[in-house]
Amino acid sequence: MEKVKATFLLHALGDGLGEYPHLREDKKPIPPTDDTVMTLALLEVLVEERKHNPQRVAQKYLSYLREGILKKVGYTTLEALKKFEKTQNWFYSGIACKRCAGNGVAMRISPLGVWAYLRNLPLEEFFETVRAEGYITHRNELAISGAFAVAYAVYLNLKENLPKEETVKRVLLTMEHLGMENPVKEAVENALNLKGLDGKDALRRLGSGGYIVETIGAVFYLFLSQEDFLEGLDLLLEVGGDTDTVGAIFGSLYGSLHGLKNIPENLISRLEVKEKIEQLTEKLFSHFHP
Ligand SMILES: [Mg+2]
């Protein structure tokens, strides 16, 4: 359970410090951005429904948006939620377009990696669950592939606890098996091949923007090359890009493998969502180990 908690806590920390780097040395609370708000909304539905119910997830995203809890969402997510408001049908709400290969699914997907681990989901069901979640906002295969790569890495970390390179190689094999011969898979391969390079050079080569191919390259590179989460975050902040989202996803990969290793308690205790994460994780576990 500690590594599951750490998956979400470091997601929130990477998100918060990626968006507000000055809070690292401050004493103020560290707020979440959209990445963590949506991640916890998805986790909440899994806890409440005891299954992935995309209609309920879409309703929760929309109500958080309308209540102002969910702010500054990406363009594709915003358009999709407006569409959902009209149709009330999650299956038709996702936006299909070439430019919709954003990181808006990958940034909220870690609960499904945890879910697949706890439920021991077969691969086909795992993949279809990720796809359904993705389609709420992004009807785009690259966005779905990127989300799957993240969820599968979280799942493997929790289930197998393998050396990082081994995990990433297994992510690649599974992507190949599922027919994901696309730029997202190439980005994971590139991250593996650039592991020895100087950190800033490698991140600049991979990119660290909101395009899912760049996000995935950056996240997997950071996961593979960085032993210390905060040093990895510093490197990311030096290079720039979509630092809250890349930081958040890096956090979920790091936390699912290492737990809270080397993370000062005063950072975790300043996370605004700390209690919420602890409560939701404990409820989730109580379903499986009553
Ligand atoms: Mg954000």
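**Helix 6, helix 7 and the nonpolar core**

Biologist: Which residues of helix 6 and helix 7 meet in this predicted model?
Modeller: From helix 6 the contact takes in Phe127, Val130, Arg131 and Gly134. On the side of helix 7, the residues met are Ala143, Ile144, Ala147, Phe148 and Ala151.

Biologist: How do the residues of that contact divide into nonpolar, polar and charged?
Modeller: Gly counts as polar and Arg as charged, and the contact includes Gly134 and Arg131. The division for helix 6 with helix 7 is 7 nonpolar, 1 polar and 1 charged.

Biologist: What term describes the orientation of helix 6 and helix 7 to each other?
Modeller: Helix 6 spans residues 123-135 and helix 7 spans residues 141-160; they pack at an angle of about 130°, with their axes 9 Å apart. Angles over 145 degrees count as roughly antiparallel and those from 65 to 115 as roughly perpendicular. The angle of about 130° fits neither class, so helix 6 and helix 7 are oblique.

Biologist: Is the crossing of helix 6 and helix 7 left-handed or right-handed?
Modeller: The angle of about 130° between helix 6 and helix 7 does not by itself name the hand. As helix 6 passes helix 7, the crossing is right-handed.

Biologist: Is Leu123 buried, partly exposed or exposed?
Modeller: Leu123 belongs to helix 6. A buried residue needs 20 or more other C-beta atoms within 10 Å, and an exposed one has 12 or fewer. Leu123 has 13 such neighbours inside 10 Å, so the class is partly exposed.

Biologist: Which helix gives the most residues to the largest nonpolar core?
Modeller: The largest nonpolar core has 98 residues, and those with the most contacts inside it include Ala147, Ala149 and Ala151. Ala147 and Ala151 also take part in the contact with helix 6. With 13 residues in this core, the helix that gives the most is helix 7.

Biologist: Which residues does Ala149 touch, leaving out those up to four places away in sequence?
Modeller: Ala149 is among the residues with the most contacts inside the largest nonpolar core, as is Ile216. With sequence neighbours up to four places away left out, Ala149 touches Val171, Met175, Val184, Val188 and Ile216.

Biologist: Where does Asn161 lie, and is Asn161 buried or exposed?
Modeller: Phi of Asn161 is near 55°, a positive value in a residue other than glycine. Asn161 lies in the loop between helix 7 and helix 8 (164-177). Because 12 other C-beta atoms are within 10 Å, Asn161 is exposed.

Key. Residues are numbered from 1 along each chain as its sequence is written. This is a predicted model: local features need pLDDT of at least 70, side-chain atom pairs count only at pLDDT 80 or more; totals for chains, interfaces and linings use all residues. Axes are lines fitted to C-alpha atoms, for helices over the stretch in contact, and angles run from 0 to 180 degrees between N-to-C directions. Helices (H or I, at least four residues) and strands (E, at least two) are DSSP runs, numbered from the N terminus. Angles under 35 degrees count as roughly parallel, over 145 as roughly antiparallel, 65 to 115 as roughly perpendicular and the rest as oblique. A crossing is left-handed if the near helix is turned anticlockwise from the far one by less than a right angle, and right-handed if clockwise. Two residues are in contact if their C-beta atoms, placed from the backbone, lie within 7 Å. A nonpolar core is a set of buried Ala, Val, Leu, Ile, Met, Phe, Trp, Tyr and Cys residues joined through C-beta atoms within 7 Å.
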